[in-house]
Amino acid sequence: MEFRVGTRNSQLALRQSELVVSALQRQAPDAEFAVTPIVTAGDRNRGGNLQVIGGKGVFVKDIERELLERRIDIAAHSLKDVQPVLPDSLTLGCFLPRDNPFDCLISPYEIGDFSQIPHGARIGTNSMRRQGQLLHRRPDLQIVAIRGNIETRLHKIETEHLDAVVLAQAGLRRLGLDRSDNSDSLHAHGLHMLSLEQVLLPAAGQGIIAVECRATDERTRELLALADDRTTRIAATIEREFMRQLGGSCSFPIGAWAHEERGTMMLRGMVASLDGTHEFTAEASSNDYENDYESLAARVASSLIDDGALALIEAASASGPVHHK
């Protein structure tokens, strides 16, 4: 029995598809998998502004089309790139255990704390969420729009004369770039990593690999269910419901992090203005989160809406990112 796996054609995406295949093969040793790299619209248009060409959804739509047209059976995604509302005939059948959900700063300089970043430093990112939070804490920073895979963005530290770039820690870990024994590691290239766990709230779904399939494909859904991580699924569902409650997408200046603490599910949400002048945060908890995830998400979203967060989302939608150079 063979399953066709669709994925983006980047080094990280291919590595993530390997992790998906490995997890599924542990549960179904007799199954066979054929990985199909797919070049998406976002990969083809590397020079365009991500928000202008369609947001992070441009990395997913072409792969979903392959699913809908039955050329692949499953699609491996970074969940943070998947829009909060799926096409009606598709579903997320599996969530692998969550990796580190937080962002990090990569710099040629050894920086021990966020406050030690030099005044006026040039920071590379194309994320509205990261931009708004960074400028809220450090209005002096110069945010420079950069796009590309991890290797490209690391290279732009030199070519764009950047003091640092902001990346997801999970991607670096999956490629082994955070390991000192890897010849391609950050350390080998004279780069240093500073965790931003206490500085930036992550994107909804960050650090999670999700596997999408056709809702009517019972054979594939049964296979995916074998490798599904319950705790990750619950956290992902809550974060994505929070996004839906706000009417935003994975491209907007919205952060969310749901995690379990001693039997209680905690959700923290954030909406920021692109120029950093405003940032609203709210949090709530639930002891009955498996049955109460919609309410938990709605409570945090409602609190932010009451504070005026919708105006920031609408402004971001209308204007696109405000990059300072």
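Trainee: An open sheet of five strands with mixed pairing follows the order β2-β1-β3-β10-β4. What makes β2 and β4 its edge strands?

Mentor: Each of β2 and β4 pairs on one side only. Two strands pair if DSSP finds at least two bridges between them, and strands are DSSP runs of E with at least two residues, whereas helices are runs of H or I with at least four, all numbered from the N terminus. Please note that this is a predicted model, in which local features need pLDDT of at least 70 and side-chain atom pairs count only at pLDDT 80 or more, while totals for chains, interfaces and linings use all residues. Residues are numbered from 1 along each chain as its sequence is written, and side-chain values use heavy atoms, without hydrogens and water.

Trainee: How do you know that β3 and β10 pair?

Mentor: Five bridges join β3 (residues 74–78) to β10 (residues 209–214), and pairing requires at least two, so the two strands pair. They run antiparallel, and Ser 78 has Ile 209 in β10 as its bridge partner.

Trainee: How many aromatic pairs does a search of the whole structure find, and why is that of Phe 3 and Phe 33 called stacked?

Mentor: The search finds two. Rings of Phe, Tyr and Trp (its six-membered ring) pair if their centres lie within 6.5 Å; planes under 30 degrees apart are stacked, over 60 edge-to-face, and the rest tilted. Phe 3 and Phe 33 have centres 5.7 Å apart and planes at 25°, so they form a stacked pair. Phe 3 belongs to β1 (residues 2–8) and Phe 33 to β2 (residues 32–38), 30 residues apart.

Trainee: Are these two residues buried or exposed?

Mentor: Buried means under 20% relative accessible area, exposed over 50%, and partly exposed in between (1.4 Å probe, protein chains only). Phe 3 has 1% and Phe 33 has 16%, so both are buried.

Trainee: Why is the pair of Phe 102 and Trp 257 called edge-to-face?

Mentor: Its planes stand at 70°, which is over 60, and its centres are 4.9 Å apart, so the name applies. Phe 102 lies in the loop between β4 (90–95) and β5 (103–107), and Trp 257 lies in β11 (residues 254–261), 155 residues apart. Phe 102, at 6% relative accessible area, is buried.

Trainee: How do you know that Arg 219 lies over the face of Phe 3?

Mentor: The criterion is NZ of Lys or CZ of Arg within 6 Å of the ring centre and within 35 degrees of the ring normal. Arg 219 lies over the face of Phe 3 at 4.2 Å from the ring centre, within the distance limit of 6 Å.
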